[in-house]
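Work through the exercises below with the model open. Try each task before reading its solution.

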Amino acid sequence: MIDHTLITILEKVSDPEIPVLSIMDMGVVRSAQWKENKVEVSITPTYSGCPAMDVLAEDIKAAFNEKGIISEVKLVLAPAWTTDWITARGRKALEDYGIAAPLDAEADKEALLGNKKIIKCPQCGSTETKMISQFGSTACKALFQCETCQEPFDYFKCLK
Ligand SMILES: [Zn+2]
C-alpha cells in the first residue's frame, strides 16, 4: 500500500507525454514507500522504448524535492504495464485531451495492422478511423484520422 501523503505528491506528477494525466491514473506507479530517510518509488514504464520515462523519473524526484523529501526512482519491468492499469478517470482524461485510449495488446496489434476498425475517434466517437502513421507526435503514439469528422488524432499504443 502507498502512504496517502505520498499518493498526494505522486498525483501531481503528470505523464510527460500527456500533461492532463497523472501518473497515478496512468497506472505506472507500482509502489512508493519510506526507506529510512528517503522515499523509494517503483514505476513500470508504459512503453519500454519510451524516452519519456527518463523525464518521468526526474519529474518524480523534483515533486518530492519540492516537499523536502529525497526520493529514488526504480524501474520495474516485470510484470509489464498493461492498459488495464489505466484508471477510469485516466481513460476519460485521455479522451478529453483528444487521444484515443489504448486497447488491450491483442486488439492494439489488429488495429495497428489495419485489420480492424476498433479505434474510436475521441472527437465524435466514430469507429470509422484509419491509421495515417505508426508514429504520431511521439514514438508511443500512432496517428489516426477519423473518416467521419476528418479530425486527425493520436492513439496511445500499448505495444511493448
Ligand atoms: Zn471523428
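**Exercise 1: Two domains and their interface**

The centres of domain 1 and domain 2 lie 26 Å apart, taken over C-alpha atoms. The model is predicted.

Task: find the bounds of the two domains, then describe the area buried between domain 1 and domain 2.

Solution.
1. Set the bounds. The domain assignment gives 4–81 for domain 1 and 88–156 for domain 2.
2. List the contacts. Twelve residues of domain 1 touch eleven residues of domain 2.
3. Take the buried area. Between domain 1 and domain 2 it is about 1000 Å². Carbon and sulfur atoms give 69% of that area.
4. Find the main contributors on domain 1. Glu17, Ile18 and Asp25 supply 43% of the area that domain 1 buries against domain 2, more than any other three residues.

**Exercise 2: Charges across the interface**

Task: how many salt bridges and polar contacts cross the interface of domain 1 and domain 2?

Solution.
1. Count the salt bridges. The rule finds two across this interface.
2. Inspect arginine 89. Its side chain forms a salt bridge with that of glutamate 11, at 3.6 Å from N to O.
3. Count the polar contacts. One residue pair qualifies, with both residues at pLDDT 80 or more.
4. Sort the side of domain 1 that touches domain 2 by class. It has eight nonpolar, one polar and three charged residues.

**Exercise 3: The zinc site**

Task: which protein donors does the zinc ion have, and what is the geometry of its site?

Solution.
1. Pick the donors. They are the SG atoms of Cys121, Cys124, Cys146 and Cys149.
2. Check distances. These atoms lie 2.3 to 2.4 Å from the zinc ion.
3. Check angles. The four donor atoms give 105 to 117°. All angles fall between 85 and 135 degrees, the range required of four tetrahedral donors, so the site is tetrahedral.
4. Read the spacing. In sequence, the donor residues follow C-x2-C-x21-C-x2-C.

Technical notes:
Residues numbered from 1 in each chain as written. Predicted model: local features only at pLDDT ≥ 70, side-chain atom pairs only at ≥ 80, totals over all residues. Heavy atoms only, no water. Domains from an automatic or database assignment. Contact = heavy atoms within 4.5 Å. Buried area = accessible area lost by both parts, 1.4 Å probe. Salt bridge = Lys/Arg side-chain N within 4 Å of Asp/Glu carboxyl O. Polar contact = N/O pair within 3.5 Å; in protein donor to acceptor, adjacent residues only side chain to side chain. Nonpolar A, V, L, I, M, F, W, Y, C, P; charged D, E, K, R; others polar. Donors = N, O, S within 2.8 Å, 3.2 Å for Na, K, Ca; no water. Tetrahedral: all angles 85-135°; square planar, octahedral: opposite > 155°, others 65-115°.
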